[in-house]
Amino acid sequence: MTERMPRRRGRTRSPWTLQRRLVLTVVGLLAVVSITIGIVSVVILRASLVDRLDLQLASAADRSGAALGGVGDNDGDRLGDLPGNPYFGTPTADSILSGPAQPPGLLALVYDGTSITTGYTDDESGQIEALTSEQVQILADHVNQSTPVTVHLGGELGEYRVQAETSRTGTLYLVGLPLSGVAATAAQLALIVGLVSLVGLVIVAIIAAWVVRLALRPLQRVTATATRVAQLPLDRGEVSLDDRVPAGDTDPRTEVGRVGAALNRMLDHVDLALEARQASERKVRQFVADASHELRTPLASIRGYSELTRRSGQELPPDAMHALGRIESESVRMTGLVEDLLLLARLDEGRELELEPVDLTMLLVDAVSDAHAAGPDHGWNVELPEEPIEATGDEPRLRQVIANLLANARIHTDAGSSVVIVLTAIGDQAVITVTDNGPGIPDALKNTLFERFARGDSSRFRGTGSTGLGLAIVAAVVAAHHGEVSVESAPGRTQFRVALPLVAA
Ligand SMILES: Nc1ncnc2c1ncn2[C@@H]1O[C@H](COP(=O)(O)OP(=O)(O)O)[C@@H](O)[C@H]1O
Ligand SMILES: [Mg+2]
């Protein structure tokens, strides 16, 4: 799964959460819309302000024409020629700039056929100031411009709208008005739009995050349910799968509700399947327990009658004697098998053991002396501590655990092998180890050693009552005692280790 994912260079980036993605998308879209609206409004505002400025420029041009003489004066005489007229004499830029009702910041250039005069009214002081020669040059390039145009004059003046005209007296003149006001207004609008958008974006981001989190909260509850269920040990034993997504989060009209409802349906299915599995397991266990129980009585009869016949003192042919001996020994073996099955079925049911303090020292002494009797060819060594060790447990069961381990050490090793049994207390556990110097556990068996009917090949041929249930019983009994069993095995040394809880001091 992970291998199929495309690898990014370096460390893989953590994926974006749905919440993050939704919030960023909303904020991003809003930002694009705000920027577009801002740019369009600034452009439109600027265009309309420039239009208005052009109108002012036109009327300033008209007034300037009048100031230069001839315009707006249709009585034939030339007002400008009269002595005492302020504009009397050669027309200059000053005649325009000092004319009546001229707007502040007006700029003028007059060409009377021989020389150029220029000037502009300073916005703040109202004084007429001179232009630099570069500025004059720039303006001179536009003296044929009969419609308003933007020129960049540089320095303090910046951008101007300029327009050239010819007065009635034939004087070529050019007037201009500063664009600084327009620029300032446009900049102000841009700033206001920007600030309002920014505040709007922050508010929208907060609200969007809140709304998305609110909307995704049911999903978290669905996830929590799924997580809780995933932690249940569904593979074994009796598990009740009661956990469900709360009813409020299963409304099929919402997306999350559909997920919740689907999860609940799945849990219902799994629950039914689990119940079916548990029921069938229960049935099998019950069957094994019942069958073993029912087999005990007829087995006891078979054994009893064959023993009775053999000991009756009647003369029987040797074949019949032998057959009776076989019947007896096989019925003993089968009784053991049936007892083992019954015990395992009962342990599977999880029936409570009768826990009480058990003196392990005594138990081991008994078990080793039994083993000695059964296998006089083996060397049996037992190492017990001075103090008696008591574990909490079910005595007959623990007896069986030790008997099984000692039987294995006897059956699965050659005659003459030595077995060492050691009892110690480590921490709050009583530890019993059974070590032999036999051939070791076959490799093929190591993984399934404690499973039912797991036995080595050689055991079949020996016919020594090998069933493969001994270690399964050991594992089940120790587990029922909340203890641990483990094994280490190599040719020449096999050690089983059983740890049981000590009686609390
Ligand atoms: N001490 C041991 N040394 C060698 N092999 C062993 C020893 N204990 C158990 N085994 C192997 O583990 C198998 C399973 O043991 P167990 O469950 O007691 O079944 P069983 O003794 O009836 O065969 C045995 O058949 C044997 O092959
Ligand atoms: Mg055994």
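**Helix packing and sheet organisation**

In the predicted model, helix 1 and helix 4 are roughly antiparallel to each other, because their axes cross at roughly 160 degrees and angles over 145 degrees count as roughly antiparallel. Helix 1 comprises residues 18-68 and helix 4 residues 180-230, and their axes come within 9 Å. The crossing of helix 1 with helix 4 is right-handed. The contact between these two helices is made up of 25 nonpolar, seven polar and two charged residues.

The assignment of domains divides the protein into domain 1 (15-231), domain 2 (234-351) and domain 3 (356-501). A distance of 101 Å separates the C-alpha centres of domain 1 and domain 3.

An open sheet of six strands is arranged in the order 3-2-1-6-5-4, with antiparallel pairing. Strand 3 (128-129) and strand 4 (149-152) are the edge strands of this sheet, each of them paired on one side only. Strand 5 (residues 159-166) is joined to strand 6 (residues 172-178) by seven bridges in the antiparallel sense, and Glu-165 is placed opposite Tyr-173 of strand 6. Helix 1 also takes part in packing here: helix 1 lies across strand 1 (107-111), strand 5 and strand 6, and runs at about 145 degrees to strand 6.

A further open sheet contains five strands in the order 8-10-11-13-12, and its pairing is mixed. Strand 8 (379-383) and strand 12 (484-490) occupy the edges; each has a single partner strand, so one side of each has no neighbour in the sheet. From one strand to the next, the twist averages 15 degrees. Strand 12 pairs with strand 13 (residues 493-501) in the antiparallel sense, over seven bridges. Ser-489 faces Thr-494 of strand 13 across this pairing.

Two helices were examined for their packing against the five-stranded sheet. Helix 7 (residues 360-374) packs on the sheet and touches strand 8, strand 10 (418-426), strand 11 (429-436) and strand 13. The direction of helix 7 makes about 175 degrees with that of strand 10. Helix 10 (residues 470-480) lies across strand 12 and strand 13, with an angle of about 145 degrees to strand 12.

Helix 10 also packs against other helices. The axes of helix 6 (residues 318-348) and helix 10 come within 10 Å, crossing at roughly 30 degrees. Helix 6 is therefore roughly parallel to helix 10, and the crossing of the two is left-handed. On the helix 6 side the contact involves Asp-340, Leu-343, Leu-344 and Leu-347, which meet Ala-472, Ile-473, Ala-476, Val-477 and Ala-480 of helix 10. By class, the residues of this contact comprise eight nonpolar, no polar and one charged.

For helix 8 (residues 395-411) and helix 10, the axes come within 9 Å and the crossing angle is roughly 145 degrees. This crossing, too, is left-handed. Helix 8 contributes Arg-397, Leu-398, Gln-400, Val-401, Asn-404, Leu-405 and Asn-408 to the contact, and these meet Gly-470, Leu-471, Ile-473, Val-474, Val-477 and Val-478 in helix 10. The contact of helix 8 with helix 10 divides into eight nonpolar, four polar and one charged residues. Ile-473 and Val-477 of helix 10 appear in the contacts with both helix 6 and helix 8.

How values were computed. Residues are numbered from 1 along each chain as its sequence is written. Chains are lettered from A and ligands numbered from 1 in the order in which they are written. This is a predicted model: local features need pLDDT of at least 70, side-chain atom pairs count only at pLDDT 80 or more; totals for chains, interfaces and linings use all residues. Side-chain values use heavy atoms; hydrogens and water are left out. Two strands pair if DSSP finds at least two bridges between them. Axes are lines fitted to C-alpha atoms, for helices over the stretch in contact, and angles run from 0 to 180 degrees between N-to-C directions. Contact means heavy atoms within 4.5 Å. Angles under 35 degrees count as roughly parallel, over 145 as roughly antiparallel, 65 to 115 as roughly perpendicular and the rest as oblique. A crossing is left-handed if the near helix is turned anticlockwise from the far one by less than a right angle, and right-handed if clockwise. Ala, Val, Leu, Ile, Met, Phe, Trp, Tyr, Cys and Pro count as nonpolar, Asp, Glu, Lys and Arg as charged, and the others, Gly among them, as polar. Domain bounds come from an automatic or database domain assignment.
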